[in-house]
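Q: Please take a close look at how the aromatic rings are placed in this protein, and at what surrounds them. I would like one connected account, with the reasoning shown wherever a label depends on a cut-off.

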Amino acid sequence: MRSRDLWQALSARRYLLSAWPWRATAYLVTGAVAGAATLVGLAVALVVGGALTVVLVGLPLLVLTALAGIPLARLERRRLRLIDRAPAPARPVRQPPATGPWPWLITRLRERATWRELGHALLFALVLWPLDALAVALALGAPLHLAATPLVMATAGGGEEAKVLKQWTVTTWPAASGVAVLGLLLLALGGYALGLAAGVRAELARVLVGVPGEGDPEARVVELTRSRARLVDAFEAERRRIERDLHDGAQQRLVALTMALGLARLDAPPGPLADQLAKAHGEAGRALEELRELIHGIHPKVLADYGLPAAVADAADRSAVPVDVALELPGRLPRAVEAAAYFVVCEALANVGRHSGADRAEVTGGHRDGRLLLRVRDDGRGGADVAAGSGLTGLADRVSVLDGRLSLSSPPGGPTLLSVEIPCEWTERSG
């Protein structure tokens, strides 16, 4: 994206009379100052961090030095406002899977934008700021020195001579006036030169720290991932809302209806009316049980309150096949991850009970290397196929939305092993 305001101003007739030469100068001068400060800061951090690595104290400092490009990129995007009124938004980055400094640090170190911004910081500190300073010195310093020749001759030279750029001497007033006129002409040209230098410099900054173009594949992938995550969160929020409405609304009304029918049944005299009330009371009780099962299937309360291990243990207790559970998770995971993992386990255990002919099943797993690992195994006849309408295809799609993977191994004769891996980190939710 080009710095449209500056390029348009350069082509205008009144460019030198506008504020744009001053804005371009301010952009280059602040770049020189910020670049010099960045060079000093990086040098001090690297020297101190390298010296302290012997006692391991310097390692965190060196890691934090790798993030130095993030605040500098934020400053650079603000400085771009000097020559382009259009904002320069940051490149889209992944959101940490959990709150806290450690998930944030891991996410930032895995982001390509972090290393791109670090490269910009190094280029800024070693190459760009000297060029900014040189452009200002050549475009402003030299012409102003030439334009001030008569003043220098009248003050420092006693009216007899003046040194011009410390290279040659002017001894007459006409010559001094000519040099001053030359300096003013060069100053006007320098205004355009500063605009060009600032515009080119801004284009490079936008490439390194600004938002990529619409056709950038990296941006499209990041935005697609973020949109999928938003859809999953919205889906889970809607599931919880439906579960809450059913639990607090329809279920409570059905409970009241069942109690009313029970009381009416007790008060009714024996006869056809009592028989009808008994039948209605039984139907209401069965409807209440079905509604409770439906609510449990939408979003079980044990999952929301106690987490994945408790919910999996509850599903194992309700399974038609005996299930051994060995799932160790010392903390809570993101809600979307817990929900996806729970429903995968439930669907797998349902398939074991309906199709496998197994005598026993087991659910094992844990959290290692930033990933939730789940294994559902049974000793049944095998031959299961995800694509054969087992209900796991939709769950595989749901796991893939979370950047996870679902795989199935079920040779004829068994055993059947369903594996799930979902990248995630801990959250600060209490159990």
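A: In this predicted model, the charged end of R79 is placed over the ring of Y27, at 4.3 Å from the ring centre. A second arrangement of this kind involves W20, whose ring has the charged end of R23 over it, 4.6 Å from its centre.

Rings also meet other rings, and the count of aromatic pairs comes to 2. One of them joins Y15 and Y192, with 4.9 Å from centre to centre and 40 degrees between the planes, and this pair is tilted; the label follows because an angle must be under 30 degrees to count as stacked and over 60 to count as edge-to-face. Since Y15 belongs to the loop between helix 1 (4-10) and helix 2 (20-52), while Y192 belongs to helix 8 (residues 173-209), the pair ties together parts that lie 177 residues apart in sequence. The two partners also differ in their surroundings: Y15, at 1% relative accessibility, counts as buried, whereas Y192, with a relative accessible area of 30%, is partly exposed. The pair of Y342 and F343 has ring centres 5.2 Å apart and planes at 70 degrees, and is therefore edge-to-face. Y342 and F343 are both buried.

From Y342 one can go on to the nonpolar core. The largest nonpolar core holds 38 residues, and those with the most contacts inside it are L308 and L372. Two or more residues are given to this core by each of several elements, namely helix 11 (301-306), helix 12 (308-317), strand 3 (323-328), helix 13 (335-356), strand 4 (361-368), strand 5 (371-378), helix 14 (392-401) and strand 7 (416-423). Helix 13 supplies the largest share, 12 residues. Leaving out residues up to four places away in sequence, L308 touches L303, L327, L329, E338, A341, Y342 and L372, so that one ring of the edge-to-face pair, that of Y342, belongs to a residue touched by L308. Apart from this core lies another, of 17 residues, which include A24, A135, V136 and A205. As a general background, nonpolar side chains in soluble globular proteins tend to be buried together.

E338, which L308 also touches, has a polar partner as well: its side chain makes a polar contact of 2.9 Å with the side chain of R332. R332 is found in the loop between strand 3 and helix 13, and it counts as buried because its relative accessible area of 6% falls under the 20% limit.

Two further positions belong to elements of the core or to the loop between them. P423 is part of strand 7 and, at 29% relative accessibility, counts as partly exposed. Neighbours within four places in sequence aside, P423 is in contact with G370, R371, L402, D403 and G404; of these, D403 is 20 residues away in sequence, with a C-alpha to C-alpha separation of 6.8 Å. D369 is located in the loop between strand 4 and strand 5, where it has a positive phi of about 55 degrees although it is not a glycine. With a relative accessible area of 77%, D369 is exposed, in contrast to the buried Y342 and F343.

Key. Residues are numbered from 1 along each chain as its sequence is written. This is a predicted model: local features need pLDDT of at least 70, side-chain atom pairs count only at pLDDT 80 or more; totals for chains, interfaces and linings use all residues. Side-chain values use heavy atoms; hydrogens and water are left out. A nonpolar core is a set of buried Ala, Val, Leu, Ile, Met, Phe, Trp, Tyr and Cys residues joined through side-chain atoms within 4.5 Å. Buried means under 20% relative accessible area, exposed over 50%, partly exposed in between (1.4 Å probe, protein chains only). Helices (H or I, at least four residues) and strands (E, at least two) are DSSP runs, numbered from the N terminus. Contact means heavy atoms within 4.5 Å. Rings of Phe, Tyr and Trp (its six-membered ring) pair if their centres lie within 6.5 Å; planes under 30 degrees apart count as stacked, over 60 as edge-to-face and the rest as tilted. A charge sits over a ring if NZ of Lys or CZ of Arg is within 6 Å of the ring centre and within 35 degrees of the ring normal. A polar contact is a pair of N or O atoms within 3.5 Å; within protein, one must be able to donate a hydrogen and the other to accept it, and residues adjacent in sequence count only if both atoms are side-chain atoms.
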